[in-house]
Amino acid sequence: MRRALALARECATHDDVPIGCVVVARDAEIGAAGNERELRGDPTAHAEVLAIRQAAASVGHWRLEDCTLYVTLEPCAMCAGAIVLARIERIVFGAPDPKAGFAGSLGNLVQEPRLNHRSQLTAGVLEDECGEVLRGFFQARR
């Protein structure tokens, strides 16, 4: 999660919401990214989607079944869907997202029993620090 926080902080250099994500397989980082929506002009360039793409390229396959995804903010519906489709085994997130989170806040897509895959979920890891990075970003814009 510390690596994801470092990636989140780097997002300030291109004025993106500071969210970082790391995908790990067998204790090795195989994908990592911060948000790049503003940088790329791409609404799908969330940290999770970019890190999942890197991880899939790293292993040479779209199935990331033995992987853990660490992210500083609870995944949104789009990212939760990408996590399920990639078959990621475990998700660890920092701060909850009561306005857009789909790993427990507004819904729980990553553990939806009607889908063909469910991820293990650990919430609140370094929650205060992850939340502070986000609060600082938005306070600076007010």
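# Exercises on a predicted α/β model

Five of the seven residues of strand 2, which covers residues 28-34, are buried, so this strand is largely enclosed by the rest of the structure. The coordinates belong to a predicted model, and the exercises below work outwards from this strand.

## Exercise 1. Strand pairing

Task: Establish which strands pair with strand 1 and strand 3, in which sense, and over how many bridges.

Solution. Step one takes strand 1, residues 20-25, which pairs with strand 2 in the antiparallel sense over six bridges. Within this pairing, Val23 has Gly31 of strand 2 as its bridge partner. The two strands form a hairpin with two residues between them, and Arg26 in the turn has a positive phi of about 50 degrees.

Step two turns to strand 3, which pairs with strand 1 in the antiparallel sense over five bridges; here Val22 is matched with Tyr70 of strand 3 as its bridge partner.

Step three follows strand 3 to strand 4, where the pairing is parallel and again described by five bridges, and where Thr68 stands opposite Arg90 in strand 4. Strand 3 is mostly covered, since six of its seven residues are buried.

A general point helps when these pairings are inspected by eye: in a regular strand the side chains alternate between the two faces of the sheet.

## Exercise 2. The whole chain

Task: Describe the order of the elements and decide how the radius of gyration of the protein compares with the globule rule for 142 residues.

Solution. Step one counts five helices and five strands, and reading from the N terminus gives the order α-β-β-α-α-β-α-β-β-α. The radius of gyration is 14 Å, close to the 14 Å that the globule rule gives for 142 residues, so the protein is as compact as a globular protein of that length.

Step two adds the extent of the C-alpha trace, which spans about 45 × 30 × 25 Å along its principal axes, and the share of buried residues, which is 49% of the 142 residues.

Step three considers contacts between residues at least 6 apart in sequence, of which 55% join residues at least 24 apart.

Step four looks at the surface, where the protein exposes about 7,200 Å² and carbon and sulfur atoms supply 50% of that area. There are 16 positive and 19 negative side chains, and the centres of these two sets lie 3 Å apart.

## Exercise 3. Helix 4 and the loop after it

Task: Identify the buried residues of helix 4 and what covers them, then determine whether Ala86 and Arg87 count as buried or exposed.

Solution. Step one lists the buried residues of helix 4, residues 77-85, as Cys79, Ala80, Gly81, Ile83 and Val84. Their cover includes helix 3 (47-59), strand 3 (67-73) and strand 4 (90-95). In general, an α-helix has 3.6 residues a turn, so residues three or four places apart point the same way.

Step two moves into the loop between helix 4 and strand 4, where Ala86 is found. With 5% relative accessibility, Ala86 falls under the 20% cut-off and therefore counts as buried. Leaving aside neighbours within four places in sequence, Ala86 is in contact with Ile52, Trp62, Arg63, Leu64 and Glu65. By contrast, the C-alpha atoms of Ala86 and Phe138, which are 52 residues apart along the chain, are separated by 31 Å.

Step three takes Arg87, which lies in the loop between helix 4 and strand 4 and counts as buried at 14% relative accessibility. Its phi is near 65 degrees, a positive value in a residue other than glycine.

## Exercise 4. Two loop residues beyond strand 4

Task: Work out whether Ser119 and Leu126 are buried or partly exposed, and state which loops hold them.

Solution. Step one places Ser119 in the loop between strand 4 and strand 5 (120-123), where a relative accessibility of 3% makes it count as buried. Not counting residues up to four places away in sequence, Ser119 touches Ile83, Ile88, Glu89, Ile91, Val110 and Gln111.

Step two places Leu126 in the loop between strand 5 and helix 5 (127-140). Its relative accessibility is 28%, and Leu126 therefore counts as partly exposed.

Step three examines the backbone of Leu126, which has a positive phi of about 55 degrees although it is not a glycine. As background, most residues other than glycine have a negative phi.

Definitions and conventions
Residues are numbered from 1 along each chain as its sequence is written. This is a predicted model: local features need pLDDT of at least 70, side-chain atom pairs count only at pLDDT 80 or more; totals for chains, interfaces and linings use all residues. Side-chain values use heavy atoms; hydrogens and water are left out. Helices (H or I, at least four residues) and strands (E, at least two) are DSSP runs, numbered from the N terminus. The radius of gyration is taken over C-alpha atoms; the globule rule is 2.2 Å times the number of residues to the power 0.38. Buried means under 20% relative accessible area, exposed over 50%, partly exposed in between (1.4 Å probe, protein chains only). Contact means heavy atoms within 4.5 Å. Accessible areas come from the Shrake-Rupley method with a 1.4 Å probe; for residues, only the protein chains shown count as cover. Lys and Arg count as positive and Asp and Glu as negative; His and the chain ends are not counted. The place of a charge is taken as NZ of Lys, CZ of Arg, CG of Asp or CD of Glu. Two strands pair if DSSP finds at least two bridges between them.
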